[in-house]
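Let's walk through this structure together, part by part. Keep the sequence and the 3D view open beside you as you read.

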Amino acid sequence: MELSPLTWLSIGLILAALEMLAPGFVVFWFGIGSVLTALLVRLGILESAEAQWLFFFVSSVSLVGLWFGVLKKRFRPDESTGLRDPTITGLRGRCTRRITPAVPGEVELFESFHGLRIWRAESPETIENGDEVTVNDAKGIKLVVSKVR
């Protein structure tokens with residue numbers, strides 16, 4: 001079944017709009033593939049139904065691969081380094097509730113940060129009450145600490 005350029009364009013716009021309901025930036029590229037197919041059908045390059053569907057699937061899958069393989073890294077650089085708060089890294093405090101890798105505990109900083117001295121904290125190592133800690137990072141409202149050696 002051959003589709004008209006207007007039908008391919010409509011399918012493309014609907015697929016691109018569906019991206020708002022199913023975010024992940026996959027459906028959007030199928031919409032772009034449909035718009036490209038509409039353009040080639042309009043120019044008379046794709047005439048048979050098989051050629052239209054083949055171009056639609058190949059272009060869509062290629063665009064998805066291009067996005068996840070190359071373009072996403074350029075448009076969305078590593079956000080984890082940008083979120084790290086350099087003002088909290090290196091602060092010191094004391095463990096007030098035991099911390100294990102599986103169970104977060106609590107620390108009291110020697111100086112307040114954002115007006116608070118008591119913070120929930122987690123660590124990849126076990127830290128006992130009274131051990132001195134240093135802040136390595138923050139995950140939301142939890143600090144990531146390590147024992148001072």
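Before we start, one definition will help: a residue counts as buried when its relative accessible area is under 20%, as exposed when it is over 50%, and as partly exposed in between. Glu125 is a good test of that cut-off, because its relative accessible area of 19% places it among the buried residues. Please also bear in mind that this is a predicted model.

Glu125 has a charged partner, so let's stay with it for a moment. Its salt bridge is with Arg149, and the closest N and O atoms of the two are 2.4 Å apart. The partners sit in distant parts of the chain, 24 residues apart: Glu125 belongs to the loop between β3 and β4, while Arg149 lies in the segment after β5. Their surroundings can be put side by side, since Glu125 is buried at 19%, whereas Arg149 has a relative accessibility of 76% and counts as exposed. Elsewhere, Glu122, Lys139 and Lys142 are joined into one network by salt bridges that share partners.

How many salt bridges turn up in a search of the whole structure? The search finds six. One of them brings together the side chains of Arg92 and Glu132, at 3.2 Å from N to O. Here too the pair links distant parts of the chain, with Arg92 in strand β1 (residues 92-97) and Glu132 in strand β4, 40 residues apart. Arg92 is partly exposed, with a relative accessible area of 39%, and Glu132 is partly exposed as well, at 27%. Another salt bridge pairs Arg98 with Glu128, whose closest N and O atoms are 3.1 Å apart. This one connects two loops, as Arg98 is in the loop between β1 and β2 and Glu128 is in the loop between β3 and β4, 30 residues along the chain. Both ends are partly exposed: Arg98 has a relative accessible area of 43%, and Glu128 has a relative accessibility of 36%.

Now turn to the nonpolar side of the story. The largest nonpolar core has 14 residues, and those that touch the most other members are Ile99, Val107, Leu109, Val135, Leu143 and Val145. Four elements each give two or more residues to this core: β2 (105-113), β3 (116-122), β4 (132-139) and β5 (142-147). Which of them makes the largest contribution? The largest share, three residues, is that of β2. Ile99 is worth selecting in your viewer. Beyond its neighbours within four places in sequence, Ile99 is in contact with Gly105, Glu106, Val107, Ala121, Glu122, Ser123, Glu125, Thr126, Ile127 and Val145. The list includes Glu125, the residue we began with.

Apart from this core lies another one, of eight residues, including Leu15, Ala38, Leu46 and Phe56. To follow it, move to the helices. Helix α1 (5-18) has 14 residues and reaches 20 Å from its first C-alpha to its last, close to the 20 Å expected at 1.5 Å a residue. Its buried residues are Trp8, Gly12 and Leu15. Seen down the axis of α1, they fall within an arc of 70 degrees, so they line one face of the helix. The face turned away from that buried side carries the exposed residues Leu6, Leu13 and Ile14. Among what covers the buried residues of α1 are α2 and α3.

Helix α2 (residues 27-42) has 16 residues, which should span 22 Å at 1.5 Å a residue; the end C-alpha atoms are 23 Å apart, which agrees. Its buried residues are Trp29, Gly31, Gly33, Ser34, Thr37, Ala38, Leu40 and Val41, and they pack against α1 and α3. Just after α2, Gly44 takes a positive phi of about 80 degrees.

Is Thr37, in helix α2, buried or exposed? Thr37 is buried, with a relative accessible area of 0%. Leaving out residues up to four places away in sequence, Thr37 touches Trp8, Leu46, Gln52, Phe55 and Phe56. Phe57 is found in helix α3 (residues 49-75), and its C-alpha atom is separated by 9.6 Å from that of Thr37, 20 residues apart along the chain. At 44% relative accessibility, Phe57 counts as partly exposed.

Definitions and conventions
Residues numbered from 1 in each chain as written. Heavy atoms only, no water. Core = buried A, V, L, I, M, F, W, Y, C linked by side-chain atoms within 4.5 Å. Buried < 20%, exposed > 50% of the residue type's maximum accessible area, 1.4 Å probe, protein only. Contact = heavy atoms within 4.5 Å. Expected span 1.5 Å × (residues − 1). Arc of directions from axis to C-beta. Salt bridge = Lys/Arg side-chain N within 4 Å of Asp/Glu carboxyl O.
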